[in-house]
Amino acid sequence: MKNLTYLFYLLPILFYAQDDLLDGLEPDQSTTVTSTWKSLKVVNFETTKLVAKNEFQLIISHRFGSVENGFDDLFGLDQAVTRFQFVYGITDWMHMEASRSSFNKTYQLASKFKLKEQETTGFPFSISAFTAVDINTGLDKEVLPKIEFENRLGYTAQVIIARKISKKLSAQISPTLFHENFVSYDPQDNTQYALGLGGRYKLTNRWSINADYGYHLNRADGSPFVNPLSIGFDLETGGHVFQLHFTNSQPMLTNGFLSQGTGDWTDGRFFFGFNLVRVF
């Protein structure tokens, strides 16, 4: 499993190095397409956007409980899940992340790599890769006495392919492989596959509407968990990006929202949340 983790991190670097050498053989006559996405996430899924070199972002995320109980718990505000995320741009094509989510008390170390950029008259897509290692510290040793450190680990590898279709419309597809050494539903395979779809439509210079959906490709029969469907709005305010959204999956980390979403839009079991992004 350690070798698999190392491979997740090395593959994007190798692809980038090869692409960089090929670019040097011919003069680039195309113009890079910019502003495909304004934030690191559509709603749940990662975008192709990276933090710039030497830039630091602090992201504070809240995902409240289900709104179905109304005023009894103030539409879910009494059951908030919180995530603090720190992102730093190492180079123009790589950034690193560290975060802690209160859902399962999970810590995450992650990286994102820029593999290719969309060009106005050349390559038609932007491509990035995202890799992560999660540590679930919420597993109780008293309840699960045989639990070991390795059982707390989870891994994510994702390729993100995006296109800015027009000045207002962007879309992406995200093939995703993730592995959980401990699964919440016993019949579920530890290694799981999903396909993410996402889109953004620019309403004004500052506002956009975003949506994404994750299709789990090998969910076990009888699983109580559901595919995540989310919709939200982005607001740009100078050095901030403020994201407001509704989703049927309360976890915010990739492995969590793909494998442990429990909401149901038709029954009013969905969750309100927001991300506040501060750029330094």
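The following exchange goes through a predicted model and asks what lies behind the terms applied to it.

User: What makes up the fold of the protein, and in what pattern along the sequence?

Analyst: The protein has 2 helices and 12 strands. Read along the sequence, the pattern is α-β-β-β-β-β-β-β-β-β-β-β-α-β.

User: What is the order of the strands that close into a barrel?

Analyst: The 12 strands close in the order β1-β2-β3-β4-β5-β6-β7-β8-β9-β10-β11-β12, with antiparallel pairing. From one strand to the next the twist averages 20 degrees.

User: How do you know that β1 and β2 pair?

Analyst: Two strands pair if DSSP finds at least two bridges between them. Strand β1 (residues 56-66) and β2 are joined by 8 bridges and run antiparallel, so they count as paired. In this pairing Arg63 stands opposite Val81 in β2.

User: What makes β6 and β7 a pair, and how many residues lie between them?

Analyst: The requirement is at least two bridges. There are 9 bridges between β6 and strand β7 (residues 169-180), in the antiparallel sense, and therefore the two are paired. The bridge partner of Ala157 is Leu177 in β7. The two strands form a hairpin with 4 residues between them.

User: How many bridges join β7 to β8, and which residue of β8 stands opposite His179?

Analyst: β7 is joined to strand β8 (residues 191-202) by 11 bridges, and the two run antiparallel. Opposite His179 stands Thr191 in β8.

User: How do you know that β10 pairs with β9 and with β11?

Analyst: Strand β9 (residues 207-216) is joined to strand β10 (residues 229-237) by 7 bridges, and β10 to β11 by 8 bridges. With a threshold of at least two bridges, both therefore count as pairings. Both are antiparallel. Tyr213 stands opposite Leu229 in β10, and Glu236 stands opposite Val241 in β11.

User: Why is Tyr155 called buried?

Analyst: Buried means under 20% relative accessible area. Tyr155 has 6%, so the residue is buried. Tyr155 lies in strand β6 (residues 153-164). Its C-alpha atom is separated by 7.8 Å from that of Asn255, 100 residues apart along the chain.

User: Why does Gln250, in a loop, count as buried?

Analyst: Gln250 has a relative accessible area of 15% and is therefore buried, the limit being under 20%. The loop in question runs between β11 (240-247) and α2 (254-259). Beyond its neighbours within four places in sequence, Gln250 is in contact with Arg63, Phe64, Gly65, Gln79, Val81 and Phe271. A polar atom of the Gln250 side chain lies 3.3 Å from the backbone oxygen of Phe64. The C-alpha atoms of Gln250 and Ser66, 184 residues apart along the chain, are separated by 8.4 Å.

User: Why is no salt bridge assigned to Arg83?

Analyst: A salt bridge needs a side-chain nitrogen of Lys or Arg within 4 Å of a carboxyl oxygen of Asp or Glu. For Arg83 the nearest side chain of opposite charge, Glu97, is 4.3 Å away, so the criterion is not met. Arg83 is nevertheless buried; its place is in strand β2 (residues 81-91).

User: What makes the approach of Arg83 to Ser99 a polar contact?

Analyst: The cut-off for a pair of N or O atoms is 3.5 Å. The side chains of Arg83 and Ser99 are 3.1 Å apart, and the pair is listed as a polar contact. Arg83 also touches other residues, including Lys41, Ile59, Ile60, Gln108, Met252 and Leu253.

User: Why is Asn54 called exposed and Asn104 partly exposed?

Analyst: Exposed means over 50%, and partly exposed lies between that and the buried limit of 20%. Asn54, at 51%, is therefore exposed. Asn104, at 29%, is therefore partly exposed. Asn54 is in the loop between α1 (2-23) and β1, and Asn104 in the loop between β3 (94-101) and β4 (106-116). Neither is a glycine, yet phi is positive, about 65 degrees for Asn54 and about 60 degrees for Asn104.

User: What share of the protein counts as buried?

Analyst: Of its 280 residues, 48% count as buried.

Methods
Residues numbered from 1 in each chain as written. Predicted model: local features only at pLDDT ≥ 70, side-chain atom pairs only at ≥ 80, totals over all residues. Heavy atoms only, no water. Buried < 20%, exposed > 50% of the residue type's maximum accessible area, 1.4 Å probe, protein only. Lys, Arg positive; Asp, Glu negative; His and termini not counted. Polar contact = N/O pair within 3.5 Å; in protein donor to acceptor, adjacent residues only side chain to side chain. Contact = heavy atoms within 4.5 Å. Axes fitted to C-alpha atoms, helices over the stretch in contact; angles between N-to-C directions.
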